[in-house]
Amino acid sequence: MKVAVLVLALCVAAMAQHRPPEETQPPVSITVEELIWLEVGNIVRADPRISQSECKASCDAHFSLSDALDESLTDIICQRECELAVAGHEDFHRPPGDRGGRD
């Protein structure tokens, strides 16, 4: 009986070690500009009557970075994306990389 329990325990331990291969998906590659563009879209969809300054403040709060240069760059991108989104500009409906000469 002890041997059967020991064999059963070893089988359970061996099966726990063997996991089926996880599905592999290609890594997601997204730029900071695209991430901010997506977030600004969410902000504006959540409150369609939001002002540009409120949108920018909300975006800046989401992307608060400790490095001053990085923070100033995200502030600029938040400002630009909020201006386009709140104004309903056609460029906002295309990702930053697909806007031609603007970016």
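In this predicted model, Asp60 counts as buried, with a relative accessibility of 15%, because the cut-off for that label is under 20%. Even so, Asp60 has a charged partner: its side chain forms a salt bridge with Lys56, and the closest N and O atoms sit 2.7 Å apart. Both residues belong to helix H3, 4 residues apart, or about one turn of the helix. That spacing fits the usual helix rule: an α-helix has 3.6 residues a turn, so residues three or four places apart point the same way.

Asp60 has company on H3, a helix that spans residues 52–62: Cys55 and Cys59 are buried there as well. Together they take up an arc of only 130° around the axis, so they end up on the same side of H3. Flip to the other side of H3, and Ser53 and Ala61 are exposed. As for what covers the buried residues of H3, the list includes helix H2 (32–46) and helix H4 (68–87).

H2 and H4 also turn up in the salt-bridge picture. Searching the whole structure gives 3 salt bridges. Besides the Lys56 and Asp60 pair, Glu33 meets Arg80 at 3.2 Å, N to O. This pair ties together distant parts of the chain, with Glu33 in helix H2 and Arg80 in helix H4, 47 residues apart. Arg80 pairs with Glu81 too, the closest N and O atoms being 3.4 Å apart. The upshot is a network of salt bridges that links Glu33, Arg80 and Glu81. Within it, Arg80 and Glu81 are both buried, whereas Glu33 is partly exposed, at 27% relative accessible area.

Note on methods
Residues are numbered from 1 along each chain as its sequence is written. This is a predicted model: local features need pLDDT of at least 70, side-chain atom pairs count only at pLDDT 80 or more; totals for chains, interfaces and linings use all residues. Side-chain values use heavy atoms; hydrogens and water are left out. Buried means under 20% relative accessible area, exposed over 50%, partly exposed in between (1.4 Å probe, protein chains only). Helices (H or I, at least four residues) and strands (E, at least two) are DSSP runs, numbered from the N terminus. The arc is that of the directions from the helix axis to the C-beta atoms. Contact means heavy atoms within 4.5 Å. A salt bridge is a side-chain nitrogen of Lys or Arg within 4 Å of a carboxyl oxygen of Asp or Glu.
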